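Please open the structure in your viewer and keep the selection tool at hand. This tour will tell you what to select at each stop and what you will find there.

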Amino acid sequence: MRRYGKNPDEDDIRVRPNSRGTRPRTTIRPKHEDAAEGMVLTVDRGRLTVLVDDREVTAMKARELGRKSAVVGDRVAVVGDLSGAKDTLARIVRVEERRSVLRRTADDDDPFERVVVANADQLAIVTALADPEPRPRMIDRCLVAAYDAGLDPLLVLTKSDLAPSKPLLETYGTLDLAYVVTNREDFLTGGVDQIRERLAGRVTAFVGHSGVGKTTLVNALVERQRTTGVVNAVTGRGRHTTTSALALPLPGDGPEGAAGWVIDTPGVRSFGLHHIDPSRVILAFPDLEPGTEECPRGCSHDEKDCALDAWVAAGHAEPARLDSLRRLLATRERREGD
């Protein structure tokens, strides 16, 4: 074997060509100042549908974004072929700062957060009054997630022709929740104006168990139809028919050509709250929040030294409001079926 000394610059040395070219690597990323702005409508196996002006463009995430992902509702910068024609592909080169993020975990002991939607203003919690039976613990968990994300919760009760709504509404009376009550006839006759008024000019994410009528409601609100299912007669649970989140425009005129946006999400069987910070949930209770100034550091608001008890005793807030707060915070330690 031939050996070379300190100076191997000899003509007979073979140099293997660089298959990646000779351009040196750089950490400077292009700014893409000419990129078009769009909104992510849906994500499916690495391909994203982005609304750019009035066109739906298929795009993929640029490698330079690294592990940062885009989700439904994100505002993104897109380059490449933006015609929206069949078999064309654009690139998402930037995800703009989010004004809100709705998150959940698979369960309370799962540390991995999943971003459900971005940039929503409102969370519509869809619950059937019967078939399947309402699950208050699930409602509580969705409320906590909404408060943590800074979203306005909207309770949507369906199938009121099968059971009365009053008992369930009384459970949440002290929270001053916005709510609407619907029945099957409303969907069949298009009488969902009371819900549409609550959605006007806003981006609303819809969540709920499978079988509660969430997608049926969305179909009644928008012009685009999604597949619906039925409740299993044996288990009393619905079947998953919505497999990916999808943003749909409400018919009408608005700043971006729509009167508002509805984001239909897949039916969930659990809503983990491992990521929830109790100090953010208290912000949804403006009558109680000032009372936390005297709480010990790291107070869970449900312990012996919590200052909220004295705050309520002094007449600054109703006892029922404190009970509601503590019930919501306790959902992190309770299973949804408890």
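One term is needed before the tour begins: a salt bridge is a side-chain nitrogen of Lys or Arg within 4 Å of a carboxyl oxygen of Asp or Glu. The model is predicted, so local features need pLDDT of at least 70 and side-chain atom pairs count only at pLDDT 80 or more, while totals for chains, interfaces and linings use all residues. Residues are numbered from 1 along each chain as its sequence is written, and side-chain values use heavy atoms, with hydrogens and water left out.

**The whole protein**

Begin with everything selected, and colour by secondary structure to bring out eight helices and 13 strands; helices (H or I, at least four residues) and strands (E, at least two) are DSSP runs, numbered from the N terminus. Of the 338 residues in the protein, 45% are buried, where buried means under 20% relative accessible area, exposed over 50%, and partly exposed in between (1.4 Å probe, protein chains only). A search of the whole structure gives 17 salt bridges.

**Strand 8 and its neighbours**

Next, select residues 122-128, which form strand 8, and notice that seven of its seven residues are buried. In a regular strand the side chains alternate between the two faces of the sheet. Here Gln122, Ala124, Val126 and Ala128 point one way, Leu123, Ile125 and Thr127 point the other way, and all are buried.

Now add residues 152-158, which are strand 9, and you will see strand 8 and strand 9 pair in the parallel sense over seven bridges; two strands pair if DSSP finds at least two bridges between them. Ala124 stands opposite Leu154 in strand 9. Between these two strands the chain passes through helix 1, in a β-α-β crossover that is right-handed, a word used if, with the strands pointing away from the viewer, the path from the first strand over the helix to the second runs clockwise.

Strand 11 (residues 203-207) is also parallel to strand 8, and the two pair over four bridges. There, the bridge partner of Ala124 is Phe206.

**From helix 1 to helix 8**

Show the side chains of Arg137 and Asp140, which meet in a salt bridge with an N to O distance of 2.7 Å. Both residues lie in helix 1, three residues apart, about one turn of the helix. Is Asp140 buried or exposed? Asp140 counts as buried because its relative accessibility is 0%.

Add Arg327, with which Asp140 forms another salt bridge, the closest N and O atoms being 3.5 Å apart. This pair links distant parts of the chain, since Asp140 is in helix 1 and Arg327 in helix 8, 187 residues apart. Selecting the rest of helix 8 (residues 319-329) brings in its buried residues, among them Leu322, Leu325 and Arg326, and the buried residues of this helix pack against helix 1, helix 6 and helix 7.

**The annotated site**

Finally, select Cys295, Cys299, His301 and Cys306, where an unreviewed UniProt entry places the feature "binding site"; UniProt positions are given in the numbering used here, feature names are shortened, and annotations may be inferred rather than shown by experiment. Cys306 lies in the loop between helix 6 and helix 7, and counts as buried because its relative accessibility is 5%. Not counting residues up to four places away in sequence, Cys306 touches Cys295, Cys299, His301 and Arg326, a contact being heavy atoms within 4.5 Å.

Stay with Arg326, which forms a salt bridge with Asp302, the closest N and O atoms being 3.9 Å apart. Arg326 lies in helix 8 and Asp302 in the loop between helix 6 and helix 7, so the pair ties together parts that are 24 residues apart in sequence.
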